[in-house]
Structures are given as C-alpha cells and as structure tokens.
Amino acid sequence: MIEARHLRVLRAVAATGSFSAAGRELGCTQPAVSQQMKALEASVGTPLIVRSGRGMRLTQAGEALVRHAAGILAGLTAAEEEVAAIAGLRAGRVRLVSFPSGSSTLVPTALAALRAAHPGTRVSLEEAEPPASVDKLRQGDCDIALAFRYEGAAGAEEWDDLVVRPLLRDRLVGLVPQGHRLARTESVAIGALASEPWIAGCPRCRGHLVEICEGAGFTPRIDFATDDYPAVVGLVGAGLGVAVLPELAIESVRPKGVRMVAVEPAVRREIVALTLPDLAQVPAVAATLDQLDRAAAR
C-alpha cells in the first residue's frame with residue numbers, strides 16, 4: 001500500500017535532487033528520508049531512484065509515481081479539509097423526513113435555528129407519515145425521521161434498533177362546529193359523539209380513531225377522510241361532521257367556524273425524532289436533533 005507520507009518524501013527528493021536536501025525541506029534527517037524511500041520502493045516492488053555520479057535521478061517508475069503524486073496528495077488534502085469542515089459543522093448535509101404537522105410546526109423553528117448556528121449545514125426535507133418515514137430511515141434514504149406513535153395503540157411500532165429522541169406528547173382534541181350542541185362544553189366523553197358523522201385524517205390516524213371509538217362502544221360513521229388537516233377543519237367548520245386532531249396539527253391551521261373540546265379519556269401520541277446509531281455520531285445530524293428538541297420545548 002502506498003502511503004501519503006512516502007509520496008510527500010518522493011516529491012521532495014525529486015524536487016531537490018538529494019536525500020539530505022529533501023530532509024531539510026521536510027524537517028527530518030537524511031537517514032529518515034532514506035528509510036521512507038526504501039519503504040516506498042518495497043511497497044511498489046521496483047526501484048524509484050538511482051544514483052548517478054554525485055546526484056540521483058528518477059527511474060521511469062519514479063517519474064510516473066511523481067506525476068500521479070501531485071493529484072493524489074491534492075485530492076487527499078481536499079478530502080481532509082472537507083471532512084474537517086463537516087466535523088466542525090462548517091459543512092454537511094442532513095436528509096430529514098417528517099409527517100405534515102411536524103413539518104409545519106417543529107421543523108421550521110428547528111431548521112431556522114440550525115441555519116443561524118451552522119450556516120454551512122444543508123438540510124433537505126421530505127414528507128412521509130410513519131411507518132413509511134421509519135422505513136426510509138432503515139433503508140438509508142434519510143438521516144432523521146420525525147415520527148409518532150399513539151400511546152397504548154395495538155401493534156405499536158418497535159424502534160429498538162434506532163436512536164429515539166423523545167420530543168413531546170401531543171394530545172388529541174375534539175373539533176365540533178361552532179353551533180354544535182357540545183360546542184360550549186369544556187370536555188366531552190368520546191362516546192357522546194357516537195351518533196355524529198366523522199371527518200377522519202391520515203390512514204394511521206383513521207385506524208386509531210376507529211380503535212378508540214370501538215373501545216368506547218361504537219363504530220364511527222366516517223363520511224369524509226383526508227390527509228389534509230386544513231381540509232378537516234374546513235369540513236367541521238361547514239357543519240359536515242366532527243373530528244379529533246392532534247394539538248400539533250391545529251397549531252398550523254387557522255380554525256374557523258369550529259370549537260375545540262377536550263376528549264375523554266385523554267388520547268396522546270408520542271412525537272419523536274429517530275436516527276440510526278452510527279448517524280447519531282455525525283455532527284450535523286446531532287445538531288439537527290438538538291434543534292428539534294429545543295423547538296419542541298418551546
């Protein structure tokens with residue numbers, strides 16, 4: 001194997017014409033230069049320098065290696081500088097996948113703070129609901145997945161192979177039209193909404209809605225289903241049904257014509273940032289996780 005330090009010695013010998021002059025240029029002794037040249041010749045399996053009278057000259061192999069050495073050492077220096085920049089957060093890239101309500105609430109605050117602190121770090125954002133987002137992480141298609149799971153839900157995902165950064169617990173609240181009979185109540189048992197038409201959210205949230213309603217003794221009549229939270233709020237505001245949404249989702253919407261009521265028993269989802277163990281050691285990924293944590297604490 002050719003070592004970079006040996007190539008540097010070879011270039012110095014070629015430039016100066018002697019081991020002693022190369023040693024002075026490199027700040028080492030003539031015997032040290034001679035020893036490293038022998039090690040390099042042993043590595044490549046052929047002589048690189050021959051003595052000629054009082055001086056020395058490169059062999060054909062030596063000339064070829066010197067010719068390539070400039071590019072090799074320049075590339076190595078560039079690689080070292082780039083790695084140092086990434087390690088020092090002067091550069092770097094993070095691929096983030098988030099569910100929509102996280103994208104509109106936690107992510108903007110976190111990424112703005114990250115850019116202010118480390119302007120050289122670039123973050124790309126893609127939206128996906130769990131478990132698709134978690135699958136992307138495991139398959140190497142992203143570096144951080146912002147995900148959630150419902151407390152006590154059947155078949156909850158296992159994240160034992162991942163680094164889990166808990167961010168917050170997000171309570172579900174009920175949405176009813178302004179003129180609804182329950183609009184002025186502080187809280188409502190979910191069973192009191194058994195006869196209502198329902199507007200449901202994403203497939204995972206929809207499945208959990210059916211699960212909690214059946215736990216209260218009824219199956220919800222879902223008239224509308226949409227992944228778009230503003231659409232859910234708009235449909236409720238138009239008097240077309242009732243819904244339950246996470247508080248985080250409502251933060252990103254201007255609810256018009258609706259009232260929010262607490263739902264009993266309380267239903268919460270756990271919001272987390274996930275990454276792989278090796279990725280957690282990457283400075284840019286660790287800094288992004290820290291900013292997501294701070295954004296959730298506000």
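Colleague: Is Arg 165 buried, partly exposed or exposed, and what is its relative accessible area?

Modeller: The model is predicted. Buried would require under 20% relative accessible area, and exposed over 50%. Arg 165 therefore counts as partly exposed, with a relative accessible area of 23%.

Colleague: Which residues are joined with Arg 165 into one network by salt bridges that share partners?

Modeller: Arg 165 forms a salt bridge with Asp 290, with the closest N and O atoms 3.2 Å apart. Arg 165 lies in strand 6 (residues 163-177) and Asp 290 in helix 11 (residues 283-297), 125 residues apart. The side chain of Arg 165 also meets that of Asp 293 in a salt bridge (3.2 Å, N to O). Through these shared partners, the residues joined with Arg 165 into one network are Asp 290 and Asp 293.

Colleague: How many residues apart are Arg 165 and Asp 293?

Modeller: Asp 293 is partly exposed, at 28% relative accessibility. Asp 293 lies in helix 11 and Arg 165 in strand 6, so the pair, with a salt bridge counted within 4 Å, links distant parts of the chain. The separation is 128 residues.

Colleague: Which parts does the pair of Lys 136 and Glu 126 tie together?

Modeller: The two side chains meet in a salt bridge, N to O at 3.1 Å. The pair ties together parts that are 10 residues apart in sequence, because Lys 136 and Glu 126 lie in separate elements: helix 7 (residues 132-138) and strand 4 (residues 121-127).

Colleague: How many salt bridges does the count come to?

Modeller: The pair of Lys 136 and Glu 126 meets in a salt bridge, as do Arg 165 and Asp 290. With the cut-off of 4 Å between nitrogen and carboxyl oxygen, the count comes to 13 salt bridges.

Definitions and conventions:
Residues numbered from 1 in each chain as written. Predicted model: local features only at pLDDT ≥ 70, side-chain atom pairs only at ≥ 80, totals over all residues. Heavy atoms only, no water. Helix = DSSP H or I, 4+ residues; strand = E, 2+ residues; numbered from the N terminus. Buried < 20%, exposed > 50% of the residue type's maximum accessible area, 1.4 Å probe, protein only.
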